[in-house]
Each structure stands twice: as C-alpha cells, then as structure tokens.
Amino acid sequence: MCNTLLNRRAFLCQGSMLSAAMASHLTAALSPGAEPSSDRLTPFALSYVNPYLRYTPGGVVSAQSFFEPTAEELPWMQAGIPRLIAGGVRLVVLSHGVNDPDLFLGASAVDLMTRCLDALTVAAEKHPRCALVRNRAELRAAGGRDKLAVVLHLTGAPINGSLQVLRAYARLGVRAIHPFIRNSPLGGDSAMPEATLTPLGRQAIREMERAAIVVDLAHANDPTFREVMQIATKPVLDSHTACRALRDLPRNRTDEQLRAIASSGGVAGVHFASQLLSDLSDDPAYRPWRKIIAGVGPTEARMRERFPEPWAYLAHRYDALNWPKATGGAVEDGVTVPRATLSRLVDHVEHMIEVAGVDHVCIGSDYALSNICAGVETADKLPDLAATLRRRGYGEADLAKVMRGNLLRLFDEVLPT
C-alpha cells in the first residue's frame, strides 16, 4: 500500500496544475461570468442526497414529487429540486437503494432498483432546469448551460451476485455506488466492525473502476476501507461522513482515512446528520425525539401486517404523510428535533481541510434525515454555510473548491468521455 500511495502522490504532483485548471474551468462553467459576490449566489455541489420517490401497489415508481413541487406545496421536503436550485446547488448526486432488503431479494431487488433509476431518469430529463450527467461531456455541457447537473448513485449494490448487473447499472447512467451497507455481500459497514471485503467485493471494485463508476466508501468499516484502498487505482469518494477526531463513532472517518482518500486524489463529503457531528444526549429534546425514533420499528411491523404484499407496503411505508416530522415525514407532531449547530458542522469541514487538504473536501449533506444540523435544515439555507466559512477566514478560491470544485474535478476525472 505504501508504494501505491507514493505513486499516487507523484501522479498528483505531476497533474496538480492540470487539476487546478480543470477545477477552475468546471467551476466557471457552473457559474458563468464573474465570481458571485453574494452568499445567495454561491454555487454548490452536493455529493449525497436522498430523493423522495413515490411507490404504488402496482409497482409504478415516480420521482415527480421530488422534482416538480414548490417548497410551499411540500414544506416538509428538505431538498427537492426547487429547494436545491434556490440554495445555489448546481450539481447533485442523487442516491437510492433497497431500503427493505428482506422484502426484495436477489432479482427482485434488481427489478426495484431498475424502476427507481428509470423514475429518476425520466424526471431529470423532463425538468427544464436539470441535466442528467452520464459522462464528462454532459457534465461540462450542464455547467455551460447553467443547469442543475444530476448524477445517479446507488446506496448499496443490489447486483444479485453478478457483475453483469453492475455493468447494466453503468449503462443506465449510474456513476457512483457506495456498496457497503445493510449486510452487503461485498464487504462490511460500520455496524459490522470485523467484516472484510469479500471476493465478490474485490471483483466489484475493479469492475466499478472499469465501468467508470466512482467508488464511494461511505459506511465502509475500517477493514473494508483499508482493503478497498489497497486495490483502488482511481480517486475514491466518501460521499457523506464526518471526523472521528471530533466525534468518535465508527461511522466517521479517522485522520488516517481522510489522508488516504486525499492520497488517491479523492474527496470526502461532510455529513449534515447531527448525531455524527455532536453528542446531543444532554439536549432536553433528545429523549422525546429518541422515543419517537424507537417507535419506527414497531410501526413498520404493523404496516407489514396490514400490507403483506411488498409493493403495497412500499407505497404505505414511504408515504411521508404517514410519518411525523421527527422521523423525517410530513406530519407536524410538535416534537423538537435535537440538532447540532452550524458552527459544529463547520468545525468538521475545517478539520477535514486541515487533515486532507483543501483540494479533497466537499459538501455531502445526506438530505433528507430528520435531524439535519441547524442552519442548513433545508437546501435553500446552504448559502449560510458558505457565509460561516467566510467568517472563519476562508477566501473565495478555497470556498470554490470545497463548495463545488473538488467534487466536479473528481467526476471529471472518473467519468467516461
């Protein structure tokens, strides 16, 4: 691994001027004209957002609610396309996975994922302000037309044991995957601290690189992270994480891991989830909120009894009108959600910059979770994050890298021509 990292560092040094020029070009493409002087105009790129999809008992999937409504029509939605645009987002990585893997196994999981990807593709292609990005040319063209570039991403890798399915996802436009979550057959996540990269996982990482799919290490546990870094030959991403040095959780990245991501030429995206940023157990709102969260499992079990057919269950389980806001739903329940401060979020951004370097940090988010940190609870408030970093002394050149340039550069390097 040492020789690999040294070779990567040499490559990065040789290409540093080219990479800087490319990041500058892409940043300018996303924001034509002069550098914006107002916080409200700061362009962002988000490396991980969960789109809201609607399901029907008949198996039809739609992304229309996420792409079309205004914030006034769906005030509970944190990061629908209108709010992303209002917040200055010009590139968004939309990720979807099989949230109920015990209901959708093998080929049925692939079928579900294919329908979800189709729904996102149809909605993105219809939207006048969006441009679906599947290759380098489309990425650059989206910026030149001042469009919101949409990159498709998978949470988990439902491939039914076949690399052919992985290649099929690439042909459907998937350009990034984080495989290590929910008892993945490819490797271990942070809830499985001893699990390692499996033989199929090794093959999948190599195949992802061949298929121009960005390897996303989000959720990977320490052994799996280390093994992936030993075999990866292209820049890697950790799309949504935080700093273990500031919040000691297995889900967060150590300083050594952040440096390893940087050595690959990759990027780490800061997570907005409050529990990964701060210990909130002393917050008076914590216990009432946790009580509601603890009730999610029993409520799901009752839903399964009432709707035994998997698609009927999906239609009910993922209807936001069936859930209180404290769990990420749409129903106003009056419960205060404990949140980390915006200042604490910026602490994590700063630590990533200090450890990995300003060229290797981006904005992850993980919208939509119920306890997104205060100050950026919805995507239209993202300019306040840029303003806070400015107050900490960051200049426009460094802000441009962290807010959008680094993630753009990563995709420009890995995407096919």
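A residue is called buried here when its relative accessible area is under 20%, exposed when it is over 50%, and partly exposed in between (1.4 Å probe, protein chains only). His-127, at 10% relative accessibility, therefore counts as buried. The model is a predicted one, in which local features need pLDDT of at least 70 and side-chain atom pairs count only at pLDDT 80 or more, while totals for chains, interfaces and linings use all residues. Residues are numbered from 1 along each chain as its sequence is written, and side-chain values use heavy atoms, with hydrogens and water left out.

## Overall build

The protein has 17 helices and eleven strands; these are DSSP runs numbered from the N terminus, with helices being H or I of at least four residues and strands E of at least two. Its radius of gyration is 20 Å, close to the 22 Å that the globule rule gives for 417 residues, so the protein is as compact as a globular protein of that length. That radius is taken over C-alpha atoms, and the rule is 2.2 Å times the number of residues to the power 0.38. Along the principal axes, the C-alpha atoms fill a box of roughly 60 × 45 × 45 Å.

Of the 417 residues, 57% count as buried. The exposed surface of the protein is about 16,700 Å², of which carbon and sulfur atoms supply 54%; areas come from the Shrake-Rupley method with a 1.4 Å probe, and for residues only the protein chains shown count as cover. A contact means heavy atoms within 4.5 Å. Among contacts between residues at least 6 apart in sequence, 73% join residues at least 24 apart.

The mean positions of the 45 positive and 44 negative charges are 3 Å apart. Lys and Arg count as positive and Asp and Glu as negative, with His and the chain ends not counted; each charge is placed at NZ of Lys, CZ of Arg, CG of Asp or CD of Glu.

## Aromatic pairs

Rings of Phe, Tyr and Trp (its six-membered ring) pair if their centres lie within 6.5 Å; planes under 30 degrees apart count as stacked, over 60 as edge-to-face and the rest as tilted. The count by this rule is seven aromatic pairs. In one of them, the ring centres of Tyr-286 and Trp-289 are 6.3 Å apart and the planes stand at 55 degrees, so the pair is tilted. Both residues lie in helix α12 (residues 286-294), three residues apart, about one turn of the helix. An α-helix has 3.6 residues a turn, so residues three or four places apart point the same way. Tyr-286 is partly exposed at 26% relative accessibility, whereas Trp-289 is buried at 6%. Elsewhere, Tyr-55, Phe-104, Trp-311 and Tyr-318 form one aromatic cluster.

## Two buried residues

His-127 lies in the loop between α5 (107-126) and β5 (130-132). Beyond its neighbours within four places in sequence, His-127 is in contact with Phe-67, Glu-68, Ile-81 and Ile-85.

Leu-277 belongs to helix α11 (residues 274-277) and is buried, with a relative accessible area of 0%. With neighbours within four places again left aside, the contacts of Leu-277 include Ala-242, Arg-247, Phe-272, Leu-345 and Cys-373. Leu-277 and Asp-248 are 29 residues apart in sequence, and their C-alpha atoms are 9.5 Å apart in space.

## Helix α16 and its surroundings

Helix α16 (residues 382-391) is mostly covered, with seven of its ten residues buried. Among them are Leu-382, Leu-385, Ala-387 and Leu-389. The buried residues of α16 pack against β1 (44-49), β4 (89-97), α15 (342-356), β11 (361-367) and α17 (396-414). Just after α16, Gly-393 takes a positive phi of about 105 degrees. In the loop between β11 and α16 is Ala-368, and the peptide bond from Tyr-367 to Ala-368 is cis, with omega near 10 degrees.

## Backbone exceptions

Most residues other than glycine have a negative phi, and most peptide bonds are trans. Two residues with a positive phi that are not glycine are tabulated below.

| Residue | Phi | Loop | Relative accessible area |
|---|---|---|---|
| Asn-160 | near 55 degrees | between β6 (148-155) and α7 (163-171) | 48%, partly exposed |
| Arg-182 | about 55 degrees | between β7 (174-178) and α8 (199-210) | 33%, partly exposed |
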